[in-house]
Amino acid sequence: MFPIDQYHRANSIEQACHLLAENPGSKLIAGGTDVLIRLREGKSGFGSLVDIHDLDELTGITHTPDGMLQVGSGVTFTRLINFLKSDGLLPALVEGASSIGGPQVRNMATLGGNICNGAPSGDSAAPLLVFDARVTLQSQRGKREVPVEEFYAGPGKVHLEEDEIVTQFSINPESHQNTGSHFYKYAMRKAMDIATIGCAAACKLEDNRIESLRLAYTVAAPVPKRCRVLEEQVIGQPVSRKLIADIASMVLEELSPRNSWRASKDFREHIIRTLADRVVSEAIIRAGGQL
Amino acid sequence: MKQIIQCQLNGKPVELVVDVRQSLLEALRSHGLTGCKEGCGVGECGACTVLIDEVPVDSCITLAIRAEGRVIRTIEGESINGELSPVQQAYVDAGAVQCGFCTPGLVMKTTSYIEGLAQSAGGCCQSGSNGINRDDIRREHAGNLCRCTGYQTVVDAVEKSIQYYSGQK
């Protein structure tokens with residue numbers, strides 16, 4: 001049995017906020033694919049749970065005619081993938097979501113959970129960063145919205161207050177329309193593995209020149225990270241093999257991969273450069289570019 | 001922290017006494033359904049796979065109380081009056097069962113996979129012509145580990161399952 005001391009089931013967002021405020025130190029549980037494993041490991045801080053699994057208010061996905069996309073935090077990856085695929089939306093997020101765990105895990109695990117977990121390796125993080133996704137948080141004190149990029153605070157840490165719940169992710173039309181995107185997860189196995197490096201790119205072109213390029217990595221810094229300086233530098237540049245080579249040679253300046261038992265710093269740097277080339281090239285091609 | 005929950009278990013409505021702290025795997029096994037196995041206990045090996053409302057999940061990382069009001073299928077409900085389900089028969093015929101520990105989980109995963117294929121093909125699931133290749137089968141079963149077979153015979157079994165299932169229709 002899991003060492004759960006207190007369990008509360010929330011039937012609405014409002015009730016979840018109330019339960020969090022009433023029971024300080026409580027943790028939210030949605031899909032449970034991370035929380036139950038922490039509990040099983042005997043990690044402290046998870047003894048009091050507020051269950052928000054399958055709340056109707058958190059499981060909606062809307063794509064408005066003007067292209068605004070809103071995804072509830074409790075949407076499972078399987079549902080997210082099916083929705084995006086059927087509408088031909090956000091290929092990079094489809095690829096990121098599809099590389100999480102295995103089918104059974106994706107049937108339970110939620111987008112909100114993957115982000116709130118705060119892991120530098122979260123497979124949905126890099127795609128959300130390149131689509132400039134924003135996260136909506138709610139508590140009894142009110143609602144607020146922050147970019148996902150700023151929501152990350154450090155390894156395993158996000159700026160989520162004890163009484164707050166993530167309710168939704170939003171992506172603006174201009175962040176994904178007329179955009180080519182791609183995500184690639186480099187790991188030792190094809191499934192059920194943690195990324196050695198993850199890389200997402202989203203690209204808009206005009207006359208085969210870069211109108212905008214957004215590039216983000218996981219496991220390449222203490223938090224999932226956008227390469228902002230590089231992104232500025234490539235605006236307006238004509239698409240060419242030379243540009244791709246330049247991007248690959250510049251990319252490490254903003255990143256700080258570390259040594260771990262999974263992979264050495266040197267190896268991670270090699271993968272980062274290699275993925276800059278492959279992932280940006282593919283995003284450019286998907287945006288209609290000629291390479 | 002006991003609770004009584006109601007659900008449909010292998011086609012029959014049941015009441016289960018569960019502890020809030022229990023995993024669905026623990027609840028099912030203490031109810032006598034020892035077909036689902038605990039392999040890793042952390043959702044990596046798939047030996048504990050059961051279907052909740054036809055969706056395959058790892059029962060070791062699912063709270064038992066989540067079964068409330070749901071339709072649960074485990075390996076025990078798959079053979080009817082001693083006759084194996086098409087998927088079970090396919091696993092036997094393909095020689096995809098060695099030590100057998102992963103088999104209940106794999107059979108449940110394959111079952112939901114081929115039933116889903118049949119549904120998306122409008123009730124007609126034809127092997128070969130529906131574009132399913134061995135890579136698709138491997139990707140679909142990536143959440144189930146098997147340390148005996150090397151997976152070749154498991155993939156064979158899934159291909160056979162598709163044939164048998166469509167033949168049965």
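The following paragraphs describe chain B, its two domains, and the contact between chain A and chain B. The model is a predicted one.

The description starts with the secondary structure of chain B. This chain contains 5 helices and 5 strands. Their order along the sequence is β-β-α-β-β-β-α-α-α-α. The pattern thus opens with two strands and closes with a run of helices.

The overall dimensions come next. The radius of gyration of chain B is 16 Å, close to the 15 Å that the globule rule gives for 169 residues, so chain B is as compact as a globular protein of that length. Along the principal axes, the C-alpha atoms of chain B fill a box of roughly 50 × 35 × 30 Å. With regard to burial, 46% of the 169 residues of chain B count as buried. The contacts within the chain can also be considered by sequence separation: among those in chain B with a separation of 6 or more, 63% are accounted for by residues 24 or more positions apart.

Chain B is further divided into domains. The domain assignment places residues 2-77 in domain 1 and residues 86-168 in domain 2. Between the C-alpha centres of these two domains of chain B the distance is 22 Å. Where do the two domains meet, and how many residues are in contact? In chain B, 16 residues of domain 1 are in contact with 11 residues of domain 2. On the side of domain 1 that touches domain 2, at least two residues each are supplied by β3 (49-52) and β4 (55-58) of chain B. The largest share of that side comes from β3(B), with 3 residues. By class, the residues of domain 1 of chain B that form this side divide into 9 nonpolar, 4 polar and 3 charged.

The remaining topic is the contact between the chains. How many residues does each chain give to the contact? Chain A provides 20 residues and chain B provides 23 residues. On the side of chain A that touches chain B, the elements that give two or more residues are α2 (35-41) and α5 (103-108) of chain A. Of the elements on this side, α5(A) gives the most, with 5 residues. The side of chain A that touches chain B has 11 nonpolar, 7 polar and 2 charged residues.

Conventions. Residues numbered from 1 in each chain as written. Chains lettered and ligands numbered in written order. Predicted model: local features only at pLDDT ≥ 70, side-chain atom pairs only at ≥ 80, totals over all residues. Contact = placed C-beta atoms within 7 Å. Helix = DSSP H or I, 4+ residues; strand = E, 2+ residues; numbered from the N terminus. Nonpolar A, V, L, I, M, F, W, Y, C, P; charged D, E, K, R; others polar. Domains from an automatic or database assignment. Rg over C-alpha atoms; globule rule 2.2 N^0.38 Å. Buried ≥ 20, exposed ≤ 12 C-beta atoms within 10 Å, placed from the backbone.
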